[in-house]
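Work through these exercises with the sequence and the 3D view side by side. Try each task before you read its solution.

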Amino acid sequence: MPAQLEHANITVTDPQATAAWMTQIFGWRIRWQGVAIAGGHTIHIGTDSSYVALYTPKKTPATGTSSYDTTGALNHIGVTVDDLDAAETLVKAQGFTPVNHADYEPGRRFYFRDHDGVEYELVQYDD
């Protein structure tokens, strides 16, 4: 059996706010939350099999340059959904702007950035 991605850990300014919109858009649940490295706080949000760790340090995190221009930076997080149109409605309801819509083999997708500038790709695969 091949390896499976279990989680990704990203730095955000407000893990509670990020977890709140993820619950609404993705239907995920908080698996754990608590004190993290260097006095920070982390929320693990996702499903039983995988999650995103939302970390914020004790001191407000700094913003940087574009992830696409920084070696080792996260460019985007891809999330599969059953109904891309319904997901887009939820994304807009949270105040985010869907962009770069595309149909491609084998599915459809669009992207959006959250309040921290983290880019997400939502994908619906054809059956």
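## Exercise 1: A threonine in a helix

At 0% relative accessibility, threonine 18 counts as buried. This model is predicted.

**Task.** Find the element that holds threonine 18, and list its contacts beyond four places in sequence.

**Solution.**
- Step 1. Locate the residue. Threonine 18 sits in helix 1.
- Step 2. Check the burial. The cut-off for buried is under 20%, and threonine 18 has 0%.
- Step 3. Skip the neighbours within four places in sequence. Threonine 18 then touches Val12, Leu54, Asp114, His115 and Asp116.

## Exercise 2: The open sheet

**Task.** In what order do the 4 strands of the open sheet lie, and which strands stand at the edges?

**Solution.**
- Step 1. Read across the sheet. The order is 1-4-3-2, with mixed pairing.
- Step 2. Look for strands with a single partner. Strand 1 and strand 2 (29–35) each have just one, so one side of each lacks a neighbour in the sheet.
- Step 3. Follow the twist. From one strand to the next, it averages 20°.
- Step 4. Take one pair. Strand 3 and strand 4 run antiparallel, joined by 6 bridges. Glycine 46 has tyrosine 51, in strand 4, as its bridge partner.
- Step 5. Add the helix. Helix 1 packs on the sheet and touches strand 2, strand 3 and strand 4. Its direction makes about 5° with that of strand 3.

## Exercise 3: The nonpolar core

**Task.** Which residues of the largest nonpolar core touch the most other members?

**Solution.**
- Step 1. Recall the trend. In soluble globular proteins, nonpolar side chains tend to be buried together.
- Step 2. Go through the 24 residues of this core. Phe26, Phe112, Tyr120 and Leu122 touch the most other members.
- Step 3. Ask where the core comes from. Elements giving two or more residues include helix 1 (15–26), strand 7 (107–113) and strand 8 (119–125). Helix 1 gives the largest share, 5 residues.
- Step 4. Zoom in on leucine 122. Among its contacts beyond four places in sequence are Phe26, Val79, Leu84 and Phe112.

## Exercise 4: Unusual backbone angles

**Task.** Where do alanine 38, asparagine 100 and proline 106 lie, and what marks the backbone there?

**Solution.**
- Step 1. Know the rule. Most residues other than glycine have a negative phi, and most peptide bonds are trans.
- Step 2. Alanine 38 lies in the loop between strand 2 and strand 3. Its phi is near 60°, a positive value. At 63% relative accessibility, alanine 38 is exposed.
- Step 3. Asparagine 100 lies in strand 6. Its phi is positive too, about 50°.
- Step 4. Proline 106 lies in the loop between strand 6 (99–104) and strand 7. The peptide bond from glutamate 105 to proline 106 is cis, with omega near 20°.

Notes:
Residues numbered from 1 in each chain as written. Predicted model: local features only at pLDDT ≥ 70, side-chain atom pairs only at ≥ 80, totals over all residues. Heavy atoms only, no water. Core = buried A, V, L, I, M, F, W, Y, C linked by side-chain atoms within 4.5 Å. Buried < 20%, exposed > 50% of the residue type's maximum accessible area, 1.4 Å probe, protein only. Contact = heavy atoms within 4.5 Å. Pairing = 2+ DSSP bridges. Axes fitted to C-alpha atoms, helices over the stretch in contact; angles between N-to-C directions.
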